[in-house]
Amino acid sequence: MAKLEIIGMPQSTFVRVVRMTCEEKGVPYELTVARPHSAEINAVHPFGKVPGMRHGDVELCESKAIATYIDRTFDGPKVIPEDPAQAAQVEQWVSIVNTVMDPTMSKPNRAAIDAVFPAMQQQFDILDKAVSGTGHLAGNGFTLADINLLPILFYVQKMPEGAEMMKKAGNVTAYYERHAARPSFKNTTPPPPPPPSQ
Ligand SMILES: N[C@@H](CCC(=O)N[C@@H](CS)C(=O)NCC(=O)O)C(=O)O
């Protein structure tokens, strides 16, 4: 089969999502390290965002589309269940996390973090309830919904405020600690941020 190439920076949560999908399924891939708006990524994303992907004649961008393609194309455990209702629950949580929670939780500086503090607390309460039943975001098993959230929590728990909120949200803490032990998570641990581009 053709080589699977993932394009992007390993520090990006969205790049980590597609790499974790490969790791969970046991799919070999090559990471081409490229920054947003570099020539490599502009070739596959109209707005220059990471990640991108190439597999034979197939060129893709957007983490959800790439993860879905990998799940459907390769053998290995399904990260999106076949059952329509369960698949829709995964879709629902990927959408909530990417449209509401990621913009709140992934903040670049102190002023921005302070401004989103109340919203972030509310979102932690919601997550704590969501994972309380099965220890997963959607259904009974580990899915793309979890893969999509864990890289964000990795950065959140490194901030003092995030660590504090996490400590208070006992179910989220247990969820994070359990899944952070997965080889797919450990094997994709991001290196420190690269120096600013010239
Ligand atoms: N919806 C996109 C989001 C990708 C994204 O925002 N990537 C960030 C890095 S984590 C990026 O490339 N940012 C540069 C920019 O927005 O110009 C996906 O799911 O792949």
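Which helices are included in what covers the buried residues of H4? In this predicted model, the cover includes helix H1 (13–25), helix H3 (63–73), helix H5 (110–130) and helix H6 (144–156). The residues of H4 that are buried, each with under 20% relative accessible area, are Ala87, Val90, Trp93, Val94, Val97, Met101, Asp102, Thr104 and Met105.

The geometry of H4 itself may be examined next. The helix comprises 22 residues, from 84 to 105, and because a rise of 1.5 Å a residue is expected, its span should be 32 Å; the C-alpha atoms at its ends are 29 Å apart, which agrees. Along its course, H4 bends by about 40° at Asn98. At the start of the helix, Asp83 directs a side-chain oxygen to within 3.2 Å of the backbone nitrogen of Ala85.

The ligand site forms the second part of this description. Around the ligand stand Ser12, Phe14, Pro36, His37, Lys49, Val50, Pro51, Glu62 and Ser63. Among them, His37 places a polar side-chain atom 2.6 Å from an oxygen atom of the ligand, and Ser63 likewise has a polar side-chain atom 2.6 Å from a ligand oxygen atom. Glu62, by contrast, is paired with a nitrogen atom of the ligand, from which a polar side-chain atom of this residue lies 2.7 Å away. On its own, the ligand has 510 Å² of accessible area, of which the protein covers 70%.

One element links the two parts of this account: helix H3 (63–73) is included in the cover of the buried H4 residues, and Ser63 is one of the residues around the ligand.

Definitions and conventions. Residues numbered from 1 in each chain as written. Predicted model: local features only at pLDDT ≥ 70, side-chain atom pairs only at ≥ 80, totals over all residues. Heavy atoms only, no water. Helix = DSSP H or I, 4+ residues; strand = E, 2+ residues; numbered from the N terminus. Expected span 1.5 Å × (residues − 1). Bend = angle between axes of the 7 residues up to and from the residue. Buried < 20%, exposed > 50% of the residue type's maximum accessible area, 1.4 Å probe, protein only. Contact = heavy atoms within 4.5 Å. Polar contact = N/O pair within 3.5 Å; in protein donor to acceptor, adjacent residues only side chain to side chain. Near = heavy atom within 4 Å. Areas by Shrake-Rupley, 256 points an atom, 1.4 Å probe, with all protein chains shown as cover.
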